[in-house]
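Biologist: I have a structure open and would like to learn how to read it. Can we go through it feature by feature?

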Amino acid sequence: MKHGIIFVRKEKGMSSYDVIRILKRKFHTSKIGHAGTLDPFACGLLILGINEGTKVLPYIENENKEYIGELILGKETDTYDVTGKVIKTKKVKKHTFEEVDEALHSFVGKIKQTPPIYSAIKIEGKPLYKYARENKKIDIKPRTQIIYDVRLIAFKKDHIYFYVKCNKGTYIRSLGVDLAHKLNEVGYLNNLERIAIGNYKIANVKKINDISEEHIIDLKDALKIKKVNYPDVKKIINGMPIKLNIKDELVLIINKNKALALYELNKSDMLYYCKRGFRYENI
């Protein structure tokens, strides 16, 4: 049984769970999870944990995300994307590239963003999209998000193509609608591709049908954090605190080329404590 991380280029029309379901069948395991959901209309990089690899997903999920989006002006949908029902229409005015670029750059920094009603965010234990399907009005409070960088790639009549780098939890659908409103227009996202999660890029990532077990990356190779070879395996397996002569906040403890555990530095006593231990059949 393999343990590790796998990178998939999710295609449009598939949900993130569709990818998990296919891989569970392909790898004959029930223990698969993903870091960062992609909407069915979106495509791009999806990172999944296989077996013990699921334990590191929270650390990958918190990384910044990068996207390329296509915004179409003139119509707004209830989902903020191409899959929704049109709820507003408006004749598109003429805009210059510079005007659109200035409007896009106005979102750089901390912003207040209202999530789409068709999203999985839970209020009182219930996903927002269920309220929407039941036609129930719900008070959605704005959230503070961070836009680190944007770039206007192209602007053609009513089509805006843009790049954005943002923190976890940012809704690019909402950003697209807010950009349209900034231009005194209405709009919806027609396409969205996630091209990076932290240091993990979309380049050379394979589609689901081309994925095989050989594409599962071992934990010791997948995690982009400092690795420490520790001789006392029993101490690590038992999750005991250890002393290391380094100052990295998070380290991967390995032994004989196998990842054993994630350890985190406690600055109060300068000891490292086990955050996630990995269990293998042959240890």
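Modeller: We will go through strands, cores, single residues and cysteines in turn. Keep in mind that this is a predicted model.

Biologist: Let me begin with strand 12. How many of its residues are buried?

Modeller: A residue is called buried when its relative accessible area is under 20%. In strand 12, nine of the eleven residues are buried, so the strand is largely enclosed by the rest of the structure.

Biologist: Which sense of pairing joins strand 4 and strand 12, parallel or antiparallel?

Modeller: Antiparallel, over nine bridges. Tyr67 stands opposite Arg194 of strand 12.

Biologist: And in which sense do strand 3 and strand 12 pair?

Modeller: Those two pair in the parallel sense, over two bridges. Here Gly44 has Arg194 in strand 12 as its bridge partner. So look at Arg194 in your viewer: Gly44 is bridged to Arg194, and Tyr67 stands opposite Arg194.

Biologist: What do strand 12 and strand 13 form?

Modeller: A hairpin, with two residues between the strands. Gly198 sits in the turn and has a positive phi of about 60°. The two strands run antiparallel and are joined by two bridges. One pair to find is Ala196 with Lys201 of strand 13.

Biologist: Now the other sheet, the one with strands 15 to 18. What is the strand order?

Modeller: The order is 15-16-17-18. This sheet of four strands is open, and its pairing is mixed.

Biologist: Which strands stand at the edges?

Modeller: Strand 15 (226-229) and strand 18 (271-277). Each has a single partner strand, so one side of each has no neighbour in the sheet. From one strand to the next, the twist averages 40°.

Biologist: How many bridges join strand 16 to strand 17?

Modeller: Six, and the two strands run antiparallel. Strand 16 covers residues 250-255, and strand 17 covers residues 258-266. Val251, for instance, has Tyr263 in strand 17 as its bridge partner.

Biologist: On to the interior. Which residues have the most contacts inside the largest nonpolar core?

Modeller: Leu71, Ile160, Phe162, Val164, Ile172 and Leu179. That core has 26 residues. At least two residues each come from strand 4 (65-73), helix 3 (97-105), strand 10 (143-156), strand 11 (159-166), helix 5 (172-182) and strand 12 (187-197). A second core, separate from this one, has 24 residues. Ala222, Leu223, Leu252 and Tyr280 are among them.

Biologist: Take Phe162. What is it in contact with, beyond its neighbours within four places in sequence?

Modeller: Its contacts include Leu71, Leu104, Ile153, Ile172, Leu175 and Leu189. Glu70 and Arg151 are also in contact with Phe162.

Biologist: Let me try a polar residue. Is Gln113 buried or exposed?

Modeller: Gln113 counts as buried because its relative accessibility is 2%. Gln113 lies in strand 7, residues 109-113. For a buried polar side chain, ask what it reaches. The side chain of Gln113 reaches the backbone nitrogen of Tyr171 at 2.8 Å. Beyond four places in sequence, its contacts include Pro142, Arg143, Thr170 and Ser174.

Biologist: What about Ser16, buried or exposed?

Modeller: Buried, with a relative accessible area of 3%. Ser16 is found in helix 1, residues 16-27. Not counting residues up to four places away, Ser16 touches Lys10, His34, Thr37, Leu38 and Leu46.

Biologist: And where does Leu48 lie?

Modeller: In strand 3, residues 43-50. Its relative accessibility is 0%, so Leu48 counts as buried. Outside four places in sequence, Leu48 touches residues including Ile6, Val19, Leu23, Ile32 and Leu57. Leu48 and Asp221 are 173 residues apart in sequence, and their C-alpha atoms are 15 Å apart.

Biologist: Last, the cysteines. How many disulfides are there?

Modeller: To call a disulfide, look for two cysteine sulfur atoms within 2.5 Å. The count here is zero. For Cys43, the nearest cysteine sulfur is that of Cys166, 15 Å away. Cys166 is in no disulfide either. Cys166 is buried, with a relative accessible area of 0%.

Technical notes: Residues numbered from 1 in each chain as written. Predicted model: local features only at pLDDT ≥ 70, side-chain atom pairs only at ≥ 80, totals over all residues. Heavy atoms only, no water. Buried < 20%, exposed > 50% of the residue type's maximum accessible area, 1.4 Å probe, protein only. Polar contact = N/O pair within 3.5 Å; in protein donor to acceptor, adjacent residues only side chain to side chain. Contact = heavy atoms within 4.5 Å. Core = buried A, V, L, I, M, F, W, Y, C linked by side-chain atoms within 4.5 Å. Pairing = 2+ DSSP bridges. Axes fitted to C-alpha atoms, helices over the stretch in contact; angles between N-to-C directions.
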